[in-house]
Amino acid sequence: MALVTTKEMFAKAYEGGYAIGAFNVNNMEIVQAITEACREEKAPVILQVSKGARAYANHTYLVKAAVLECPEIPVALHLDHGDSFETCKSCIDGGFTSVMIDASSKSFEENIALTTKVGEYAHDHGVVVEAEMG
């Protein structure tokens, strides 16, 4: 199965009465271990990628690994605590299905403006957005 959005994934989980595991991934070995376990359990999964993980393992490889390792299970690829529009845009353009914009260090007004900008771009690309308001 291709990457899916968390919106789609959560709708099925609510309907089916089950939880979805979300795991922070930092390298390819962790992606492999998580996806193998999810394949065995036939369980959907959210792979969360932090700024540090993106610096260590190019997010393009993480996207490809998720799709190649788990073609038969739903996988959402989520940017965890993106701190700028550029980071969120890069992940959206690179195939992530969900992003979190964390502008909690900014004023409330700046946070709303940045979150709105990310939300508009993401939604135009079919990507779900989570926001850290502080």
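Hi everyone, let me open with a definition: two strands pair if DSSP finds at least two bridges between them. The strands themselves (E, at least two residues) and the helices (H or I, at least four residues) are DSSP runs, numbered from the N terminus.

What you have in front of you is a predicted model, where local features need pLDDT of at least 70 and side-chain atom pairs count only at pLDDT 80 or more, while totals for chains, interfaces and linings use all residues. Residues are numbered from 1 along each chain as its sequence is written, and side-chain values use heavy atoms, with hydrogens and water left out.

Let's start with the sheet. How many strands does the open sheet have, and in what order? There are 5, arranged β1-β2-β3-β4-β5, and the pairing is parallel. At the edges stand β1 (21-25) and β5 (128-132), each with a single partner strand, so one side of each has no neighbour in the sheet. On average, neighbouring strands are turned by 25 degrees against each other, direction ignored. For angles like this, axes are lines fitted to C-alpha atoms, for helices over the stretch in contact, and angles run from 0 to 180 degrees between N-to-C directions.

Now zoom in on β3 and β4. Strand β4 covers residues 98-102, and 3 bridges join β4 to β3, with the two running parallel. Which residue of β4 is the bridge partner of His78? That is Ser98. Likewise, Leu79 stands opposite Val99 in β4.

How well covered is β4? Mostly: 5 of its 5 residues are buried, where buried means under 20% relative accessible area, exposed over 50%, and partly exposed in between, with a 1.4 Å probe and protein chains only. Ser98, Met100 and Asp102 are buried on one side, and Val99 and Ile101 are buried on the other.

Next, the helices, beginning with α4, residues 59-69. Here His59, Leu62, Val63, Ala65 and Ala66 are buried. Why do I say they line one face? Seen down the axis of α4, the buried residues fall within an arc of 165 degrees, so they line one face of the helix; that arc is taken over the directions from the helix axis to the C-beta atoms. Tyr61 and Leu68, on the other side of α4, are exposed. As for what the buried residues of α4 pack against, we find α2 (28-41), β2 (45-49), α3 (51-56), β3 (75-82) and α5 (85-93). Contact, throughout, means heavy atoms within 4.5 Å.

Take the α2 partner from that list. The axes of α2 and α4 come within 10 Å and cross at roughly 25 degrees. The two helices are therefore roughly parallel to each other; angles under 35 degrees count as roughly parallel, over 145 as roughly antiparallel, 65 to 115 as roughly perpendicular and the rest as oblique. Their crossing is right-handed, the near helix being turned clockwise from the far one by less than a right angle (anticlockwise would be left-handed). In terms of residues, Met28, Val31, Gln32, Thr35 and Arg39 of α2 meet Tyr61, Leu62, Ala65, Ala66 and Glu69 of α4.

On to α5. Which residues of α5 are buried? Phe85, Thr87, Cys88, Cys91 and Ile92 are. Viewed down the axis of α5, they fall within an arc of 165 degrees, so they too line one face of the helix. The cover over them includes α3, α4, β3, β4 and α6. Just after α5, Gly95 takes a positive phi of about 110 degrees.

The axes of α5 and α6 also come within 10 Å, crossing at roughly 15 degrees. That makes α5 roughly parallel to α6, and the crossing is right-handed. From α5, the contact uses Phe85, Cys88, Lys89, Ile92 and Asp93, and from α6, Leu114, Lys117, Val118, Tyr121 and Ala122.

One residue of α6 for a closer look is Thr115. Is Thr115 buried or exposed? Thr115 is buried, with a relative accessible area of 14%. Leaving aside its neighbours within four places in sequence, Thr115 is in contact with Ile101 and Ala131.

Last stop: Glu72, in the loop between α4 and β3. Glu72 counts as partly exposed, at 43% relative accessibility. C-alpha to C-alpha, Glu72 and Ala19 are 18 Å apart in space, and they are 53 residues apart in sequence. Thanks for listening!
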